[in-house]
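The exercises below are meant to be worked through with the sequence and the model open side by side. Each one sets a task and is followed by a solution that goes step by step.

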Amino acid sequence: MYQEKVRHHTGEIQDLRGNMNQLIAKLQEMEAMSDEQKLAQKIMKMIQGDYIEKPDFALKSIGASIDFEQTSATYNHDKARSYCSWIRLWNYAQPPDVILEAGGMAGQGETGGDVPNVTPGNCWAFSGDRGQVTIRLAQKVYLSNLTLQHIPKTISLSGSLDTAPKDFVIYGMEGSPREEVFLGAFQFQPENIIQTFRLQNQPVRNFGAVKVKISSNWGNPRFTCLYRVRVHGSVTPPREQPN
């Protein structure tokens, strides 16, 4: 038994040495990286949104979809082009479900997922500063948070973020006819490109759909752009919190 334990611990020590050697090699590789490479890696992780660390039940790839009957019409891209000649990327109108896509650009990130295509013009736009989108979730969810994402000002071709949404309200939707349950009113600050909002009202019930109703944007009189919407929560009831 003693010899068996010695052999077992010897194997564990060898495994630890192997892991330490791998870690040392990784640290040496990181030290050799230039400041530009480190910055690029940090930006890529931010774009991928890994730091949010919340499941997204509004992903198109897992079955979420747009309820077109409860969603505003897409803004006419010809009018957008005539208004701003810089929107040359809008060679066709993006459908609303573009806001449910996590990827789109070629290549894979460190986490194994597609690098999100959050680029100028790759958004869904509706006319004016008032509109709504209703998302059928991949499954019924006890909702907790919602995340909005917009492009940074540094890559905006107009040099402005006036098409970003500003004031909006979130509703949970369920049943037929659709019952709307108020979950909170919020304001998106476009300087922070990814913002997660904790719902103000969290009833102990699950919802199969979420409506995001926008009542203003940051100044553009013609249209408003949504780049990505994520919906967070859990499939099991949250534990009761003390009053």
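**Exercise 1.** Which residues form one aromatic cluster together with F168?

*Solution.* The model to be inspected is a predicted one. In this model F168 is joined by F186 and F197 in one aromatic cluster. As a next step, take the count of aromatic pairs, which comes to 6. Among these, F168 and F197 form an edge-to-face pair, with 5.2 Å from centre to centre and 80° between the planes. The pair links distant parts of the chain, since F168 sits in strand β4 and F197 in strand β6 (residues 194-198), 29 residues apart. Finally, F168 and F197 are both buried.

**Exercise 2.** Decide for Y171 and for F182, which also form an aromatic pair, whether each is buried or partly exposed.

*Solution.* Begin with the geometry: the rings of Y171 and F182 are edge-to-face, 6.3 Å centre to centre, with 70° between the planes. Y171 lies in strand β4 and F182 in strand β5, so the pair ties together parts that are 11 residues apart in sequence. The cut-off needed here is that buried means under 20% relative accessible area. Y171 counts as buried because its relative accessibility is 18%, whereas F182, at 39%, counts as partly exposed.

**Exercise 3.** Describe the largest nonpolar core, and find which strand gives the most to it.

*Solution.* The largest nonpolar core has 32 residues, and those with the most contacts inside it are I99, L143, L146 and F168. At least two residues of this core come from each of β2 (124-127), β3 (131-149), β4 (167-174), β5 (179-187), β7 (207-214) and β9 (228-234). The strand that gives the most is β3, with 7 residues. Apart from this core lies another one, of 7 residues, among them C123, A125, I151 and C225. For a closer look at a single member of the largest core, take L146: leaving aside residues up to four places away in sequence, L146 touches a list of residues including F168, I170, F197, V210, V212, V229 and V231.

**Exercise 4.** Where is Q94 found, and with which side chain does the side chain of Q94 make a polar contact?

*Solution.* First locate Q94, which is found in the loop between α3 (77-83) and β2. Q94 counts as buried, because its relative accessibility is 12%. The side chain of Q94 makes a polar contact with the side chain of N122, at 2.8 Å. Not counting residues up to four places away in sequence, Q94 touches T74, G121, N122, C123 and W124.

How values were computed:
Residues numbered from 1 in each chain as written. Heavy atoms only, no water. Core = buried A, V, L, I, M, F, W, Y, C linked by side-chain atoms within 4.5 Å. Buried < 20%, exposed > 50% of the residue type's maximum accessible area, 1.4 Å probe, protein only. Helix = DSSP H or I, 4+ residues; strand = E, 2+ residues; numbered from the N terminus. Contact = heavy atoms within 4.5 Å. Polar contact = N/O pair within 3.5 Å; in protein donor to acceptor, adjacent residues only side chain to side chain. Phe/Tyr/Trp six-rings, centres within 6.5 Å; stacked < 30°, edge-to-face > 60°.
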